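Visitor: I'm new to reading these models, and I'd like a close look at one part and what surrounds it. Please pick a helix and walk me through it slowly.

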Amino acid sequence: MRRSNPLPTAALPAAAMDTRRVPPVPMEPAVAAMLRLQGHDPDAVAGLIADVLTHVHCALPDPPTSVDARLFALLPHDAVDRVSSLPDVLLGNIVSRLPIKDAARTAALSRRWTGVWRSAPLVLVDSHILPAGTAIGRADTRRVTSAVSCVLDEHPGPFRCVHLTSSHMEEFHGLLTRWLQTLAVKGIQELVLVNRPWPLELVLPATFLSMTTLTRLYLGLWKFPGTAGVPRATCFPNLRELGFSTVRMESRDLDFILDRSPVLETLCVGGNMFKLPLRLVSQSLRCVKIIGCSFEEISVVDAPRLERLICSACLAGGAVCTKVKIGHAPKLDLLGYLDARRHVLEVGKTVIKAGVKASPSTMVSSVRILGLEVCFGVRNDVKMILTVLRCFPNVETLHIMSGETDQPLGKLNLKLWNEFGPIECICSRIKLLGFHDFRGDRSELTFLKFFVGSALVLKEVMIVSSFTSKEDARSKVLPLLSMKWVSAGTKVMVHCSNHQSNIRSFKRASDFSLGDPFVDC
């Protein structure tokens with residue numbers, strides 16, 4: 001046996017939050033005075049708002065332009081302007097990849113460039129209008145809003161991509177309606193629209209429903225408009241990617257959008273704090289990512305192309321659990337993280353409870369990659385997870401997230417684990433075990449000993465520890481390495497990591513070039 005040791009706020013990875021950290025929002029003096037009268041600390045409230053914005057921004061797709069990029073028309077020691085001699089279509093392609101201020105400035109390069117900016121498919125990212133790292137106050141948002149209006153009025157379109165994330169929209173609600181109408185007419189393809197809180201009750205103008213050219217749409221910090229009176233012909237015929245982050249909406253409105261998006265492949269929902277069932281009925285969806293939400297039910301009713309269903313940081317608590325129902329999803333390949341405390345699994349018409357015997361009607365045979373979250377010191381959690389594993393007989397990769405609990409820990413020794421009996425996928429299918437948030441607890445090691453003592457085809461064990469010291473991590477794993485394994489040649493990798501799983505990244509979850517997005521980089 002070869003054993004080598006090279007050595008998430010709950011909803012998002014710390015690494016991602018560091019790169020998109022939103023500075024505390026400057027507060028108006030009148031608002032700060034009102035908060036003090038109400039017994040609140042204005043600085044604490046400003047910090048909370050910044051945290052919420054950071055969570056929302058971490059869920060957004062990256063804009064296709066960067067303020068860090070620089071355009072040089074001349075090579076060093078070369079006085080010939082070779083770029084300006086390129087065909088118009090290539091010049092337009094160059095301009096559409098520049099930040100908005102640089103794109104507009106290209107008109108001053110030469111007469112050759114004068115009309116390029118107006119004819120290029122434009123990228124507008126309003127955060128690029130202000131200096132990088134600016135803590136955006138009310139005065140700043142007014143400057144941004146004015147600049148955005150000028151660009152939308154002066155450029156004839158089309159707009160390749162528009163990110164509007166820097167305005168307090170309650171001050172400009174009428175103007176926002178006009179912006180959305182303009183973008184709909186000028187052929188917007190990708191739209192990211194985030195309100196600067198507060199209020200959360202600000203209703204998104206329904207004019208965005210007329211954007212038939214959209215291919216990607218992300219909304220943050222809005223109340224979704226009611227769709228009861230929307231014309232039945234309303235449709236998003238080109239929409240492939242849809243994201244909601246802290247958006248208040250009714251179940252019927254989400255059903256409406258899914259029903260009117262015939263080519264939608266990716267759905268991301270994050271930060272939903274309101275109870276509603278999520279019903280997945282779609283002939284096109286391939287990936288659904290749910291993070292930090294409190295759905296009362298996630299039901300895969302009819303999704304024949306669905307390959308990934310990813311749930312993370314479920315907010316259900318106490319006696320309230322989220323029911324995860326697997327109906328018609330014949331291509332479902334990846335599922336997780338199912339949480340023994342917060343999720344109730346239902347396969348077909350059978351609710352999976354601890355001790356339920358597996359049968360063909362309770363099995364999901366298509367799943368090859370499964371993620372489970374469990375507190376190993378809680379007997380009921382352990383019994384539930386073992387029952388769930390029997391519902392996925394063809395799992396080849398198993399990821400375990402070790403949870404923490406304030407409940408008294410039971411004593412589950414190896415003998416008790418063995419009494420649960422053999423589990424088909426562990427004995428004959430699983431080739432890779434990923435164990436995340438490993439703390440070296442006795443209950444965790446007992447499970448690992450049970451697993452490696454049963455897994456006949458196991459090729460690799462990846463243990464991701466929260467220890468900062470490699471030596472500490474190695475010392476905790478030594479009891480496992482010293483025992484006899486039934487699978488010869490298994491490779492053991494121990495990693496130290498102080499951030500949460502990469503699966504909490506929307507972008508990573510829906511990246512189909514990654515065979516297993518649960519694997520930490």
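Guide: Let's start with a word we'll need a lot: buried means under 20% relative accessible area, exposed means over 50%, and partly exposed is in between (1.4 Å probe, protein chains only). What you see is a predicted model, where local features need pLDDT of at least 70, side-chain atom pairs count only at pLDDT 80 or more, and totals for chains, interfaces and linings use all residues. Residues are numbered from 1 along each chain as its sequence is written, and side-chain values use heavy atoms, leaving out hydrogens and water.

Our helix is α14, residues 470-481 (helices, H or I with at least four residues, and strands, E with at least two, are DSSP runs numbered from the N terminus). Try a ruler on it: with 12 residues at 1.5 Å a residue, α14 should span 16 Å, and its end C-alpha atoms sit 15 Å apart, which agrees. (The expected span is 1.5 Å times one less than the number of residues.)

Now, which side faces in? Ala 473, Val 477, Leu 480 and Leu 481 are the buried ones in α14. Look down the axis of α14 and these buried residues fall within an arc of 80°, so they line one face of the helix; the arc uses the directions from the helix axis to the C-beta atoms. Turn to the face pointing away from that buried side, and you meet Glu 471 and Leu 478, both exposed.

And what sits over the buried side? The cover includes β17 (432-438), α13 (442-452), β18 (460-465) and β19 (491-496), with contact taken as heavy atoms within 4.5 Å.

Two of those neighbours, β17 and α13, are worth a detour for their rings. Rings of Phe, Tyr and Trp (its six-membered ring) pair if their centres lie within 6.5 Å; planes under 30 degrees apart count as stacked, over 60 as edge-to-face and the rest as tilted. Searching the whole structure turns up 9 aromatic pairs. One of them is Phe 376 with Phe 435, a stacked pair at 5.6 Å centre to centre with 20° between the planes. That pair joins distant parts of the chain: Phe 376 lies in the loop between β15 (369-374) and α10 (379-389), while Phe 435 is in β17, 59 residues apart. Phe 376 counts as buried because its relative accessibility is 5%, and Phe 435, at 0%, counts as buried too. Phe 435 has another partner: its ring centre and that of Phe 447 are 6.2 Å apart with the planes at 35°, so this pair is tilted. Here strand β17 is linked to helix α13, which holds Phe 447, with the two positions 12 residues apart. Both Phe 435 and Phe 447 are buried. Zoom out a little and Phe 376, Phe 435, Phe 438, Phe 447 and Phe 451 make up one aromatic cluster.

To compare, glance at a strand elsewhere. In β10 (residues 308-312), 5 of the 5 residues are buried, so this strand is largely enclosed by the rest of the structure. Both of its faces are covered: Arg 308, Ile 310 and Ser 312 on one side, Leu 309 and Cys 311 on the other. β10 runs parallel to β8 (residues 287-291), joined by 5 bridges; strands pair if DSSP finds at least two bridges between them. So back to α14: its buried residues line one face, and exposed Glu 471 and Leu 478 sit on the face turned away.
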